[in-house]
Amino acid sequence: MTDLVKREFDVLASNGSNYLAWSLDAEILLASKDLFRTIKPKDDKDKTTPAEQAMALHILRHHLSTTLKNEYMTERNPKVLWDLLHERFEKIEIVLLPRVKREWANLRFQNLKTVEDYNTALYGITTRMKLCGLKLEDKDLIEKTLSTFHPKLAYISRQYKKDNYKKYVDLSNAMQQDQGEDETIMQNHLSRPTGTIATPEANATSFKNKKDIKGKGSQKDSNGMAPKANNFKKKELKSKKKTPQGPKYGEQDQECYRCGM
């Protein structure tokens, strides 16, 4: 029962816009649980048990929108519910096909940033067209891609045409490889634009600074002291040197420079 609580695929929208994909997912899920004959029996003799019908009905209702679930609340038979939904939405491709064709006509490689984004849009459109009964070939995908390059990149489109790809997947792989190489070149350019000097490595700069400081500190004078420390010592000695104090002028003993008395 725990497997039935979570949804295995998207619910059927109330307008049936995703009926084609929903019906395919429902058939696959019922077949995986050996319940496919509850909606499409082989013949009248292909009977199902009440437990199998209840489980199939639970799966179908669990993957309906709230609106549809309320509309078909009274249906207790999975085959009847399946047939009613099919009758109601089987012609949905008539409505979807013109819309998908417009999406295909408006698809442009130049409008998307990466090859991955373009492939997502491309395969989504081709899958919906296939569900509507319209299948596109590889040559159609290749022509659509190469004819919608930006005019400034027309030379690249011509180069791909010269390579004469037969399968779109080969063209897509080549475009993704070229895109990766272009990104690498751009990253290298941004890290060091043209005309700039390479920034020295942090370890090398740190080692050079330490070496310069060590060299300056090793220079000593004749007293074995560093220049800065020696200068400070001289200033200290000079400040401590005092002039000897004697008697005041006129009171000291004086000798005549003639007779010596």
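Setting aside neighbours within four places in sequence, tyrosine 19 touches Leu12, Leu85, His86, Phe89, Glu90 and Ile92 in this predicted model. A second core, separate from the largest one and made of 18 residues, includes Trp104, Leu107, Leu122 and Tyr168.

The largest nonpolar core is a good place to look next. This core holds 24 residues, and Leu12, Tyr19, Trp22, Leu60 and Leu85 have the most contacts inside it. At least two of its residues come from each of helix H2 (19–32), helix H3 (50–62), helix H5 (78–89) and helix H6 (92–106). The top contributor is H2, with six residues. As a general pattern, nonpolar side chains in soluble globular proteins tend to be buried together.

H2 itself deserves a closer look. Its 14 residues reach 20 Å from the first C-alpha to the last, close to the 20 Å expected at 1.5 Å a residue. Tyr19, Leu20, Trp22, Ser23, Ala26, Leu29 and Leu30 are the buried residues of this helix, and they pack against H3, H5, H6 and H7. Aspartate 34, which follows H2, has a positive phi, near 60°.

Turning to the surface, Leu24, Ile28 and Leu131 make a nonpolar patch of about 250 Å². Leucine 131 lies in helix H7 (residues 115–131). Why does leucine 131 count as partly exposed? Its relative accessible area is 33%, and partly exposed residues are those between the 20% limit for buried and the 50% limit for exposed.

Notes
Residues numbered from 1 in each chain as written. Predicted model: local features only at pLDDT ≥ 70, side-chain atom pairs only at ≥ 80, totals over all residues. Heavy atoms only, no water. Patch = residues over 30% accessible without salt bridge, like charges linked within 9 Å, V, L, I, M, F, W, Y side chains within 5 Å. Areas by Shrake-Rupley, 256 points an atom, 1.4 Å probe, with all protein chains shown as cover. Salt bridge = Lys/Arg side-chain N within 4 Å of Asp/Glu carboxyl O. Helix = DSSP H or I, 4+ residues; strand = E, 2+ residues; numbered from the N terminus. Buried < 20%, exposed > 50% of the residue type's maximum accessible area, 1.4 Å probe, protein only. Core = buried A, V, L, I, M, F, W, Y, C linked by side-chain atoms within 4.5 Å. Contact = heavy atoms within 4.5 Å. Expected span 1.5 Å × (residues − 1).
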